[in-house]
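Reader: Got a minute for this model? Let's go through it piece by piece.
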Amino acid sequence: MIDFHSHILPGMDDGSKNVAESMEMMEASFSQGVEMIVATPHFYPWLESPEDFLARRASAIKSLPLPLDKIRVGAEVAYYDGIVYSEDIELLKISETDFLLVEMPMTVWTRRMLDSLHAIENRTRLKVVIAHLDRYLRLQKRTANIDYVCDNFFIQVNADYFINRGTQRKALKLINENSVDFIGSDCHNLTSRPPNMGEAYQTIEKKLGIKSVNAFNDKQNQYLEGGLIYER
Ligand SMILES: [Fe+2]
């Protein structure tokens, strides 16, 4: 089980506040069966440079006493006008992969925005992963944007979309349609937004069977083991 989206590094953003909280969040994740946590602190390009972000991230990682073989680092990169021109964007990819986790705006996406994502991929080796697709479904409803991004980019969905009774059916439909590439807890703390990958996986197994879980895990392992991914 891979948690592809988490705010588990201490003091980086609105996630874990300190080392103790990070440790508890990691222990909670591992006890649920998570084998790898991708740490994706928010990166807001209007607040700092990628270099400054990486320096902060490096000291956050250094402060953790755990052996870090189960952690990969990346960022949740906020989309902004001009993202395509960023020279340093590749610094923000998820370590040992070519994936860039992008947080899209909470507006109806324009063609120009979607073209910018393609332009990033064309200019670099990066592959765009749309963060928490579930958050945008309602907003993009009257457009073809969701089908478009599912067909053209990698997709991450949050665990709570599978857990909540009201959205569970839609979440499972996305898995069945092969639209979900990664699931993430998007955990920020131990209370309001805790590590919850275990419960999401239990739901998938209960409703779709262990074969679906295994197939999903195989797909993710292929993405991550390969390191460099060129085809979806
Ligand atoms: Fe997040």
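Reader: Where does Leu-139 sit?
Author: In the loop between strand E7 (127–130) and helix H4 (145–152). Helices (H or I, at least four residues) and strands (E, at least two) are DSSP runs, numbered from the N terminus. The model is predicted: local features need pLDDT of at least 70, side-chain atom pairs count only at pLDDT 80 or more, and totals for chains, interfaces and linings use all residues. Numbering starts from 1 along each chain as its sequence is written, and side-chain values use heavy atoms, with hydrogens and water left out.

Reader: Leu-139: what's its relative accessible area?
Author: 34%, so Leu-139 is partly exposed. Buried is under 20% relative accessible area, exposed over 50%, partly exposed in between (1.4 Å probe, protein chains only).

Reader: OK, switching. Which residues of H6 are buried?
Author: Gln-168, Ala-171, Leu-172, Leu-174 and Ile-175, in a helix spanning 168–176. Down the axis of H6 they fall within an arc of 155°, so they line one face. That arc is taken from the directions from the helix axis to the C-beta atoms.

Reader: And which are exposed on the other side of H6?
Author: Arg-169, Lys-173 and Asn-176. Just after H6, Asn-178 has a positive phi of about 65°.

Reader: Now the metal. What are the protein donors of the iron ion?
Author: His-5 (NE2), His-7 (NE2), Glu-76 (OE) and Asp-186 (OD), 2.1 to 2.3 Å away. Donors are N, O and S atoms within 2.8 Å of the metal (3.2 Å for Na, K and Ca); water is not among the atoms, so sites may look incomplete.

Reader: Are His-5 and His-7 buried or exposed?
Author: Both are buried.
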